[in-house]
Amino acid sequence: VGPKLFQYVIKVIVQAIQLLYTMLKIDQPSYILLQNPPGLPSIAVAWVACLFWRSKLIIDWHNYGYTIMSLSHGRNHPLVQIVKWYEKLFGRLSDYNLCVTNAMKEDLWVNCGIKAITLYDKPASYFKETPLELQHQLYMKLAKDYEPFKPRTESGSSNAEVSAFTEMDEKNGHVIKTRGRPALLISSTSWTEDEDFSVLLKALEDYERYINEGVELPSLVCVITGKGPLKDYYNGLINKLRFKHIQICTPWLEAEDYPLLLGSADLGVCLHKSSSGLDLPMKVVDMFGCCLPVCAIYFECLHELVKHNENGLIFRDSNELAEQLKMLFLGFPALEGKLDNFRKNLRASKQLRWDESWDQTVLPLLGQNE
């Protein structure tokens with residue numbers, strides 16, 4: 001009830017009371033670890049709780065709340081400026097600070113006077129390449145509900161169980177990839193303003209045109225996972241497209257199926273543009289955990305994760321993405337080529353997993369206090 005600003009203020013006050021009441025009921029902790037954003041009202045509440053308990057407050061900076069808010073209100077909106085001041089103030093009152101990029105570490109120090117340690121996001125251990133037998137099971141499961149995973153042609157063998165990408169001989173259980181299979185491209189999103197999916201849709205229109213002009217490119221299955229406020233809007237745009245060689249699917253996957261699909265795909269696409277230019281997309285971290293090469297849209301500190309021409313490609317607009325898709329999928333599914341080289345580089349990198357990274361970076365920090 002009432003004006004939007006009034007509603008927002010009341011919501012923050014109520015949440016602060018609820019959160020403080022809940023926190024003060026738990027056993028006294030040594031540390032409170034808080035991810036920001038969202039930080040309003042949680043940073044202030046956690047700081048008050050730490051005063052009460054004489055505990056240490058650790059803020060894990062993944063982005064700035066005020067830059068996310070500025071996407072819908074503009075940088076100069078009074079509410080955005082208040083949240084910016086609030087984050088700076090309570091950030092300085094914390095005992096320790098972690099952040100996700102060296103660029104953010106520098107920004108926190110220069111603009112906020114906050115000393116932070118970089119703790120890069122790392123994939124959990126279950127993000128890994130998916131064995132072919134598991135891929136087939138996943139494709140058959142998805143084929144029950146989604147047309148793009150169903151077989152394109154009848155199998156030559158009556159004993160085969162077939163999906164669009166694989167077939168299994170039911171006599172011996174042996175799985176192979178189907179001849180002439182489509183390429184599987186995957187992108188995940190929360191369908192918000194910081195990801196412009198029209199860039200991908202325009203690139204797919206160009207990809208379709210390349211095939212019509214006679215370029216030797218495979219058919220494409222494009223899977224876009226996730227849910228969010230703009231999903232219906234983009235689904236409306238997708239439904240207007242009339243592709244012959246591209247199928248677009250927007251499923252909501254069960255939690256255990258998402259890493260399996262990443263580990264089965266041929267290429268990942270990331271359209272995340274950081275609101276601050278200082279955080280990195282977690283979806284790319286997960287894709288790299290599955291040794292999945294990525295095409296990612298450019299922003300300032302992306303090079304801390306995506307190494308252009310080493311583990312993926314960076315593009316700036318739909319035309320550049322379309323050219324990259326053409327280059328990567330030319331002659332698919334032959335093994336030789338950039339896609340295969342990127343995958344080999346990701347396998348060879350043997351990147352740290354989340355728990356190993358935590359043990360190396362955060363535990364020594366906590367140990368200083370013991």
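How many salt bridges does the rule find across the interface of domain 1 and domain 2? The count is zero. This result, like those that follow, refers to a predicted model, and it makes a handy starting point for a look at how the two domains meet.

The domain assignment divides the chain into domain 1, made up of residues 3–122 together with 356–367, and domain 2, which covers 132–349. Taken over C-alpha atoms, the centres of domain 1 and domain 2 lie 35 Å apart. Domain 1 brings 16 residues to the contact, and domain 2 brings eleven residues.

Between domain 1 and domain 2, an area of about 1100 Å² is buried, with carbon and sulfur atoms giving 61% of that area. On the side of domain 1, three residues deserve a closer look: Leu-71, Thr-101 and Asp-121 supply 37% of the area that domain 1 buries against domain 2, more than any other three residues.

Although the rule finds zero salt bridges across the interface, polar contacts are present there: eight residue pairs, both members at pLDDT 80 or more, are in polar contact between domain 1 and domain 2. Turning to secondary structure, two helices, H3 (65–73) and H5 (102–112), each supply at least two residues of the side of domain 1 that touches domain 2. Helix H5 provides the largest share of that side, with four residues. By residue class, the side of domain 1 that touches domain 2 comprises seven nonpolar, five polar and four charged residues.

How values were computed
Residues are numbered from 1 along each chain as its sequence is written. This is a predicted model: local features need pLDDT of at least 70, side-chain atom pairs count only at pLDDT 80 or more; totals for chains, interfaces and linings use all residues. Side-chain values use heavy atoms; hydrogens and water are left out. Domain bounds come from an automatic or database domain assignment. Contact means heavy atoms within 4.5 Å. Buried area is the accessible area (1.4 Å probe) that two parts lose on being put together, summed over both. A salt bridge is a side-chain nitrogen of Lys or Arg within 4 Å of a carboxyl oxygen of Asp or Glu. A polar contact is a pair of N or O atoms within 3.5 Å; within protein, one must be able to donate a hydrogen and the other to accept it, and residues adjacent in sequence count only if both atoms are side-chain atoms. Ala, Val, Leu, Ile, Met, Phe, Trp, Tyr, Cys and Pro count as nonpolar, Asp, Glu, Lys and Arg as charged, and the others, Gly among them, as polar.
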